[in-house]
Amino acid sequence: MLGPDEGRRLTALGSTYTTKADGVTTGGAYWLVEEEFFGETTPLHRHTAAEEAFYVLSGRAAVWQDGVETEAGPGAFLLIPRGRPHALRRIGDEPVRFLTLVSPAGMEQFFQAVVDVGEDALLADPDRLLGLAAEHGTDILGDHPAL
């Protein structure tokens, strides 16, 4: 059991992630994380080998998927099938808090790699960031499409 503020925490690419269960804990089945998205947007991207699901706890986000942007507030559930291009945009000043489930596990290793290499170094070398993301099953396809 983990308490409300317990779990391994890391901050990378516009979110703080508090891991509740990782691939080691779940035998690789999934990564469950409380995510606080404080960035403005994510790039358009897709996960080549994982489904991603978000349950909005607080705040508001716009989710771009299939050429449509939809707003999601507290209580909304979003499922992003593997391979589906998507992007998020924070609405308002308040960070968006999600309970995020990624199946199978592994995406947590990407965010740890960003921290280990250094986010500033990766942002200064976009090709290196694209390569690191691809190594961990994420294709970054471009800027957020609604901007």
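1. The N terminus. In this predicted model, Met 1 sits in the segment that comes before strand 1. Met 1 counts as exposed, because its relative accessibility is 97% and the cut-off for that class is over 50%. Although Met 1 and Ala 21 are separated by 20 residues in sequence, their C-alpha atoms are 9.9 Å apart in space, a pair that is worth finding in the viewer.

2. Leu 13, a residue with positive phi. The loop between strand 1 (9-12) and strand 2 (15-21) contains Leu 13, which has a positive phi of about 50° although Leu 13 is not a glycine. Leu 13 is placed in the partly exposed class because its relative accessibility is 28%.

3. Asp 66, another residue with positive phi. Asp 66 belongs to the loop between strand 6 (60-65) and strand 7 (68-72), and its phi, near 55°, is again positive in a residue other than glycine. With a relative accessible area of 54%, Asp 66 is exposed.

4. The cis peptide bond. Which two residues are joined by a cis peptide bond? They are Ser 103 and Pro 104, with omega at about -5°. Pro 104 lies in the loop that runs between strand 10 (96-103) and helix 1 (107-117), so a reader following the chain should look for this bond where strand 10 gives way to that loop.

5. The largest nonpolar core. This core has 16 residues, and the members that touch the most others are Tyr 17, Trp 31, Phe 110, Phe 111, Val 114 and Leu 132. Two or more residues are contributed by each of strand 1, strand 3 (31-37), helix 1 and helix 3 (126-135). Helix 1 provides the largest share, namely five residues. Apart from this core there is a second, separate one of eleven residues, whose members include Phe 37, Ala 72, Leu 78 and Leu 88.

6. Trp 31 and its surroundings. When neighbours within four places in sequence are left aside, Trp 31 is in contact with Tyr 17, Thr 19, Ala 21 and Asp 22, with Thr 100, Leu 101 and Val 102, and also with Ala 105, Met 107, Glu 108 and Phe 111. Tyr 17 and Phe 111 appear in this list, and both are also named, together with Trp 31, among the core members that touch the most others.

7. Thr 100 in strand 10. Is Thr 100, a residue of strand 10, buried or exposed? Thr 100 is buried, because its relative accessibility is 2%, where the class requires a value under 20%. The side chain of Thr 100 makes a polar contact of 3.1 Å with the side chain of Glu 35. Not counting neighbours within four places in sequence, the contacts of Thr 100 are Trp 31, Leu 32, Val 33, Glu 35, Glu 52, Ala 53 and Phe 54.

8. Ser 58 in strand 5. Ser 58 is found in strand 5 (residues 51-58) and is buried, with a relative accessible area of 17%. Beyond residues up to four places away in sequence, Ser 58 touches Pro 74, Glu 94, Pro 95, Val 96 and Arg 97.

9. Helix 1 and its end. The buried residues in helix 1 include Met 107, Glu 108, Phe 110, Phe 111, Ala 113 and Val 114. It helps to recall that an α-helix has 3.6 residues a turn, so residues three or four places apart point the same way. After helix 1 comes Gly 118, which has a positive phi near 110°.

10. How helix 1 meets helix 3. Two packed helices are described by the angle between their axes and the distance between the axes. Here the axes of helix 1 and helix 3 come within 10 Å and cross at roughly 145°, and the crossing is right-handed. From helix 1, Phe 110, Ala 113, Val 114 and Val 117 take part, and they meet Arg 128, Leu 129, Leu 132 and Ala 133 of helix 3. The residues of this contact divide into seven nonpolar, no polar and one charged.

11. Val 117 at this contact. Val 117, a residue of helix 1, is partly exposed because its relative accessibility is 33%. Leaving out residues up to four places away in sequence, Val 117 touches Leu 122 and Arg 128. Val 117 and Leu 129 are twelve residues apart in sequence, and their C-alpha atoms are 9.8 Å apart in space.

Note on methods. Residues numbered from 1 in each chain as written. Predicted model: local features only at pLDDT ≥ 70, side-chain atom pairs only at ≥ 80, totals over all residues. Heavy atoms only, no water. Helix = DSSP H or I, 4+ residues; strand = E, 2+ residues; numbered from the N terminus. Buried < 20%, exposed > 50% of the residue type's maximum accessible area, 1.4 Å probe, protein only. Core = buried A, V, L, I, M, F, W, Y, C linked by side-chain atoms within 4.5 Å. Contact = heavy atoms within 4.5 Å. Axes fitted to C-alpha atoms, helices over the stretch in contact; angles between N-to-C directions. Left-handed = near helix turned anticlockwise from the far one by under 90°. Nonpolar A, V, L, I, M, F, W, Y, C, P; charged D, E, K, R; others polar. Polar contact = N/O pair within 3.5 Å; in protein donor to acceptor, adjacent residues only side chain to side chain.
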